[in-house]
Amino acid sequence: MVHGPCGYMNPNSPCMGENQKCSKRYPKAFTNSTITEDDGYPLYRQRDFGSGGFKSTVLRNSTFLEIANRFIVPYNPLPLKTFNAHINVEWCHSVKSIKYICKYINKGSDQALRIFQQSY
């Protein structure tokens, strides 16, 4: 459940946009408590190693990288164990995010039109 890595560790990552920033907002900033950013997205508690946070060494593409809390994807252990799958759990409280969820739920299924012509 580690994102990337991207940013300065891997500028060629698929999530990196044109402005050399991750489209998924990683690595997250270190904070001691959960706060809401100006655009309504939550910024979860991500403690620095000196403030009680964790870091680990992972092997990616035959390179050892030191990963801190900043690259961990938010998760909830109960659905993770129940469904044996990764389920990203986010706090939804802004009008923008609620509108997005309603739009996504009410979106119709993907459709395609195919025309067959019979040759004689």
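**Group meeting: a walk through the predicted model**

Asn84 sits in the loop that runs between helix H1, residues 77-83, and helix H2, residues 95-105. I start there, and I should say at once that what you have in front of you is a predicted model. Asn84 has a phi near 50°, which is positive, and the residue is not a glycine. Is Asn84 buried or exposed? Its relative accessible area is 71%, so Asn84 is exposed.

Two other backbone points belong with that one. Gln20, in the segment before S1, also has a positive phi, about 60°, without being a glycine. Then there is a cis peptide bond, from Tyr26 to Pro27, with omega near -10°. Pro27 is likewise placed in the segment before S1.

Next, the cysteines. How many disulfides does the count give? Zero. For reference, a disulfide is a covalent bond between the sulfur atoms of two cysteines. Take Cys6. The closest cysteine sulfur to that of Cys6 belongs to Cys22, at 3.6 Å, and the cut-off is 2.5 Å, so the two are too far apart for a bond. Cys22 is in no disulfide either, and the cysteine sulfur nearest to Cys22 is that of Cys15, 3.5 Å away. On accessibility, Cys6 is at 0% and therefore counts as buried. Cys22 is at 10%, so Cys22 counts as buried too.

These cysteines turn up again in the core. Which residues make up the largest nonpolar core? There are six in all: Cys6, Cys15, Met16, Cys22, Tyr26 and Val73. The general background is that nonpolar side chains tend to be buried together in soluble globular proteins. Within this set, look at Met16. Leaving out residues up to four places away in sequence, Met16 touches Cys6, Gly7, Asn10, Pro11, Lys21 and Cys22. Two of the core cysteines, Cys6 and Cys22, are on that list.

Tyr26 takes us from the core to the charges over rings. The charged end of Lys28 sits over the ring of Tyr26, at 4.8 Å from the ring centre. Lys28 is in the segment before S1. Is Lys28 buried or exposed? Its relative accessibility is 18%, and the limit for buried is under 20%, so Lys28 counts as buried. Setting aside residues up to four places away in sequence, Lys28 touches Leu43, Gln46 and Arg70.

Arg70 has a ring of its own to report. Arg70 lies over the face of Phe30, 5.1 Å from the ring centre. Phe30 is found in the segment before strand S1, which is residues 35-36. With 33% relative accessibility, Phe30 counts as partly exposed, because that class runs between 20% and 50%. Beyond its neighbours within four places in sequence, Phe30 is in contact with Gln46, Arg47, Asp48, Ala68 and Arg70. So much for what touches Phe30; for a long separation, take Gly108, which is 78 residues from Phe30 along the chain, with 39 Å between the C-alpha atoms. As for rings paired with rings, the count of aromatic pairs is zero.

Last, the strands. How do S3 and S4 pair? Strand S3, residues 55-60, and strand S4, residues 63-68, run antiparallel, and six bridges join them. The two form a hairpin with two residues between them. Asn61, in the turn, has a positive phi of about 50°. The bridge partner of Arg60 is Thr63 in S4. Lys55 stands opposite Ala68, also in S4, and Ala68 is one of the contacts of Phe30 I listed a moment ago.

One more residue in this hairpin. Phe64 is in strand S4. At 63% relative accessibility, Phe64 counts as exposed, since the limit is over 50%. Outside its neighbours within four places in sequence, Phe64 contacts Thr57, Val58 and Leu59. Phe64 is 42 residues from Cys22 in sequence, and their C-alpha atoms are 21 Å apart.

To recap: the disulfide count is zero, the largest nonpolar core has six residues, Lys28 sits over Tyr26, and Arg70 lies over Phe30. S3 and S4 form the hairpin. That is where I stop.

How values were computed: Residues numbered from 1 in each chain as written. Predicted model: local features only at pLDDT ≥ 70, side-chain atom pairs only at ≥ 80, totals over all residues. Heavy atoms only, no water. Phe/Tyr/Trp six-rings, centres within 6.5 Å; stacked < 30°, edge-to-face > 60°. Lys NZ or Arg CZ within 6 Å of the ring centre and 35° of its normal. Pairing = 2+ DSSP bridges. Helix = DSSP H or I, 4+ residues; strand = E, 2+ residues; numbered from the N terminus. Buried < 20%, exposed > 50% of the residue type's maximum accessible area, 1.4 Å probe, protein only. Contact = heavy atoms within 4.5 Å. Core = buried A, V, L, I, M, F, W, Y, C linked by side-chain atoms within 4.5 Å.
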